[in-house]
Amino acid sequence: MEINEVSFSYSDKKPLLKQLSMKIPAGRSTAIIGPNGSGKSTLLGVLAANYAPSSGTVIVDGKELHRCAPREIARKLAVVHQQNSAPGDMTVEKLASFGRLPHRSLLAPERGADREAVEWALECTDLRSKRRKPLAELSGGERQRVWLALALAQKTPILFLDEPTTYLDMFYQYEMLELIRSLNRKHGLTVVMVLHDINQAIHYSDHIIAMKDGQVVLEGAPEETITPAAVKDIYGVDVMVRTEPETGLYIVPLRKPMRE
């Protein structure tokens, strides 16, 4: 995926993205980081074809993404949004099966390929034993995995996730991130995700895009981009960057003295 001088704004308002140019490495995991309002989710929305750029182009497989038909886009990339909703009585398997709609018409009978894709998605997300459970009976972490299963059932080479750990406790955050890494490593999915936690971005991505004020200010491998000076510039926070044999690279914010 190539992004060429992409800008985006709502009508005549201030641009939220300003002439961004970059490449999303195929088969790797990319994390988009930056402070609130920096344009992270907006960039993801443009890359996922939810928004059309005001100028510039997004190229996937040699074609301009926003000139493709919706069904063709849904065969190229899948998206797990930050907030999702579905009827509470819908079963896990039924929701996951909606991921096959880009590959057949709504009223067409289910084919063997559709069943295999849904089964694979449920297996990847460890939901086979819960396939007949209604969504209302699932935990927050389990529901998030069902939406991931829907995206996986699309069988696309690219997976986008907008803050996939939001609203999850620590256990389910790391369960989700480990699952995403496994999908990237075992199945070669190109993963692009927006993350707030810098340490999570460091540990679960190969490539980092750091944004500030609608622009990309840093891009590259975590060990190349995450420095005290970079974090200070982007977030306004003083940190130490450390590397340990057990944990690898991580940051520690420096506490400021309290005023009496």
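**Exercise 1. The start of helix 6**

Task: In this predicted model, determine which residue caps the N-terminal end of helix 6, and by which atoms.

Solution:
1. The capping residue is Asp169.
2. A side-chain oxygen of Asp169 lies 3.2 Å from the backbone nitrogen of Phe171.
3. Beyond the other end, just after helix 6, Gly188 adopts a positive phi of about 70°.

**Exercise 2. The span of helix 6**

Task: Compare the reach of helix 6 with the span expected at 1.5 Å a residue.

Solution:
1. Helix 6 covers residues 170-187, a run of 18 residues.
2. From the first C-alpha to the last, helix 6 reaches 25 Å.
3. The expected value is 26 Å, and the reach is close to it.

**Exercise 3. The two faces of helix 6**

Task: Establish which residues of helix 6 are buried, how they are arranged about the axis, and which elements cover them.

Solution:
1. Buried means under 20% relative accessible area. In helix 6, the buried residues are Met176, Leu177, Leu179, Ile180, Leu183 and Asn184.
2. Viewed down the axis of helix 6, these buried residues fall within an arc of 155°, so they line one face of the helix.
3. The general geometry is as follows: an α-helix has 3.6 residues a turn, so residues three or four places apart point the same way.
4. The face of helix 6 turned away from the buried side carries the exposed residues Met170, Phe171, Arg185 and Lys186.
5. The cover over the buried residues of helix 6 includes three strands and three helices: strand 3 (29-33), strand 7 (158-162), strand 8 (190-194), helix 4 (112-124), helix 5 (140-153) and helix 7 (198-203).

**Exercise 4. A residue of helix 5**

Task: Decide whether Gln144 counts as buried or exposed, and identify its contacts beyond the sequence neighbourhood.

Solution:
1. Gln144 is located in helix 5, one of the elements that cover the buried residues of helix 6.
2. The relative accessibility of Gln144 is 8%. Because the cut-off for burial is under 20%, Gln144 counts as buried.
3. With neighbours within four places in sequence left aside, Gln144 is in contact with Val80, His81, Asn84, Pro164, Leu168 and Met176.
4. Among these contacts, Met176 is a buried residue of helix 6.

**Exercise 5. The chain as a whole**

Task: Assess whether the radius of gyration of the chain agrees or disagrees with that of a compact globule.

Solution:
1. For 260 residues, a compact globule would have a radius of gyration near 18 Å.
2. The chain has 19 Å, which agrees.
3. Along its principal axes, the C-alpha trace spans about 65 × 40 × 35 Å.
4. The chain comprises nine helices and twelve strands, and buried residues make up 46% of its 260 residues.

Key
Residues numbered from 1 in each chain as written. Predicted model: local features only at pLDDT ≥ 70, side-chain atom pairs only at ≥ 80, totals over all residues. Heavy atoms only, no water. Helix = DSSP H or I, 4+ residues; strand = E, 2+ residues; numbered from the N terminus. Expected span 1.5 Å × (residues − 1). Buried < 20%, exposed > 50% of the residue type's maximum accessible area, 1.4 Å probe, protein only. Arc of directions from axis to C-beta. Contact = heavy atoms within 4.5 Å. Polar contact = N/O pair within 3.5 Å; in protein donor to acceptor, adjacent residues only side chain to side chain. Rg over C-alpha atoms; globule rule 2.2 N^0.38 Å.
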